Amino acid sequence: MAIELTDPSPAEGADIILTPEALSFVEQLHHHFRGRRDERLAGRAARRAEVAATGRLDFLPETRGVRDGEWKVAPAPPDLRDRRVEMTGPASPVKMAINALNSGAQVWLADLEDASAPTWHNVIDSQLNLYRAARGRLDYTSPQGKDYSLRQDAPLAVVVTRPRGWHLSEKNVRIDGEPAIGALVDFGLHFFANAKQLLNAGSGPYYYLPKLESHLEARLWNDIFVFAQDYVGVPQGSVRATVLIETIPAAFEMEEILFELRDHASGLNAGRWDYLFSIIKYFRDAGPAYLLPDRASISMTAPFMRAYTELLVKTCHRRGAFAMGGMAAVIPNRREPAVTEEAFAKVRADKTREADDGFDGSWVAHPDLVPVCREVFDAVLGDQPNQLDRQREEVSVTASELLDIPSAGGAVTEAGLRLNLYVAVAYVAVWLSGNGAVAIHNLMEDAATAEISRSQVWQQLRNQVVLSDTGNTVTPELVKALLDEEVDRLRTEVDAETFARYYEPARTLIAEICLSEEYTDFLTLPAYELVR
């Protein structure tokens, strides 16, 4: 084999996952699809350059036939017909995996992407936990002697695994001397180990596909599914994929994305935080018309966000696919009843809007929020498993409405700038330590929110924004001064060794990418180079 590992035993039991047969499958995926993956990444850059030059995005004229045609995606398998509550979170450590499976949610989004720091240990430990979960053999005893095991008194959440995005590599797996594609490592190891087992148990290999920017990327995934099903020897159509519509160009190709995946599609998800990040990234040099206000002031009721979610529901239901709501970032705190009460109220309002709009289910980031989300969707769904019958034919969304960024309202403040710098450094520091989902000020932050934070700083600098609360102009000098102050605050919140090991390099990285003349497409790319 032309495949090499930096460490064949990054986690106890790694040999269960990293078998010669599984690695050969990953190698085959890499050889068959690396070239097309590279073409698609180059296509992203070319499209972005075209949009930057014209300042416009629109629905594709060449695919009008798909949008006007009569077709539907494949019917959902029985265990994916009711998705009213989806619990999201990393698949490592094992305790979090068990808690997610036991949460009472219909689905667990086992996140190998934005909520997971891709240390080699985490990559393989996640695969081991998913392998054992598929066989009902997941358990754990904490150092304090507390036992965790899979519940027997109620159904476990159905697992839908999210591999990494196309842009990320896996440096601990080298094929022909180059890093492997992270998405194919994640998908390949999981599919090879579990596809037959899941199908035999009455479920199947189900996936969330992140950060797609075009229907051609969906076509690539579809071809990978066809190849993988033939290779492993499971029926075509066994895979079901839900695509996150979390980039602005994908919002213009929802129909086409479902069409390309129609034999394997399950639905679309409104990935709201990455969607905001994508808007900033895509229109970063398009002037003040594309400036977003403070992140905390952007609500899902902003007209441009309403246009995006309404179009998603209409598109999905027209094609027989599920429309999945997004993440409410607020989380409860069991030690602070007032914080918990506020979190419950905000989540209930968010999920009520989604259920009333026709979504079939939604995400939560904490087990305590499962009952809140369930209560809201139960009230709307009743005994029905979903809302596919709500066609939303009255919805008509134009390109201008999707791009109406000024409709967000709000302001850019020094308080918001400070918070962006604080969150970006704090998140990257914890990510470097091996944790990809971080509670900061009672909000669940992952890579998406960190991406928004640092991108807003970059965009505000380039546009010399005047802050509404202080009257100061955002300059490199101001950003450096505020960054120093926020890092000093972080210094008081952690011990000296942790600060030196993780927060100092995080601070250096955030300063570099915020102050650079060139925009960094993904924060996680340079951050990954710092992962030990």
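**Helix packing and cavities**

Guide: In this predicted model, helices H2 and H6 are oblique to each other, since their packing angle of about 135 degrees falls outside the ranges for roughly parallel, roughly antiparallel and roughly perpendicular.

Visitor: How far apart are the axes of H2 and H6, and which residues does each helix span?

Guide: The axes lie 9 Å apart, with H2 covering residues 20–54 and H6 covering residues 182–200.

Visitor: And is the crossing left-handed or right-handed?

Guide: H2 passes H6 in a right-handed crossing.

Visitor: Which residues meet there?

Guide: From H2 the contact takes in Glu21, Ala22, Phe25, Val26, Leu29, His30 and Phe33, and these meet Leu184, Val185, Phe187, Gly188, Leu189, Phe191 and Phe192 of H6. Sorted by class, the residues of this contact comprise 11 nonpolar, two polar and one charged.

Visitor: Changing topic, how many cavities of 30 Å³ or more turn up?

Guide: Four cavities of 30 Å³ or more are found when the whole structure is searched, and the largest of them has a volume of about 140 Å³.

Visitor: Which residues are closest to the centre of the largest cavity?

Guide: Glu113, Asp114, Leu168, Trp431 and Thr524 are the closest to its centre, out of 18 residues that line the largest cavity.

Visitor: Which elements give two or more residues to that lining?

Guide: Those elements are helix H16 (447–462) and helix H19 (524–528), and H16 supplies the largest share of the lining, at three residues.

Visitor: What does the lining have by class?

Guide: The lining of the largest cavity has eight nonpolar residues, alongside six charged and four polar ones.

Note on methods
Residues are numbered from 1 along each chain as its sequence is written. This is a predicted model: local features need pLDDT of at least 70, side-chain atom pairs count only at pLDDT 80 or more; totals for chains, interfaces and linings use all residues. Side-chain values use heavy atoms; hydrogens and water are left out. On a 1 Å grid over the protein atoms alone, a cavity is a set of points where a 1.4 Å probe fits but cannot get out, and a pocket is an open set with protein on both sides within 12 Å along at least five of seven lines; lining residues have an atom within 4 Å of a point. Grid points are joined across faces, edges and corners, and a volume is the space filled by probe spheres set on the points. Helices (H or I, at least four residues) and strands (E, at least two) are DSSP runs, numbered from the N terminus. Ala, Val, Leu, Ile, Met, Phe, Trp, Tyr, Cys and Pro count as nonpolar, Asp, Glu, Lys and Arg as charged, and the others, Gly among them, as polar. Axes are lines fitted to C-alpha atoms, for helices over the stretch in contact, and angles run from 0 to 180 degrees between N-to-C directions. Angles under 35 degrees count as roughly parallel, over 145 as roughly antiparallel, 65 to 115 as roughly perpendicular and the rest as oblique. A crossing is left-handed if the near helix is turned anticlockwise from the far one by less than a right angle, and right-handed if clockwise. Contact means heavy atoms within 4.5 Å.
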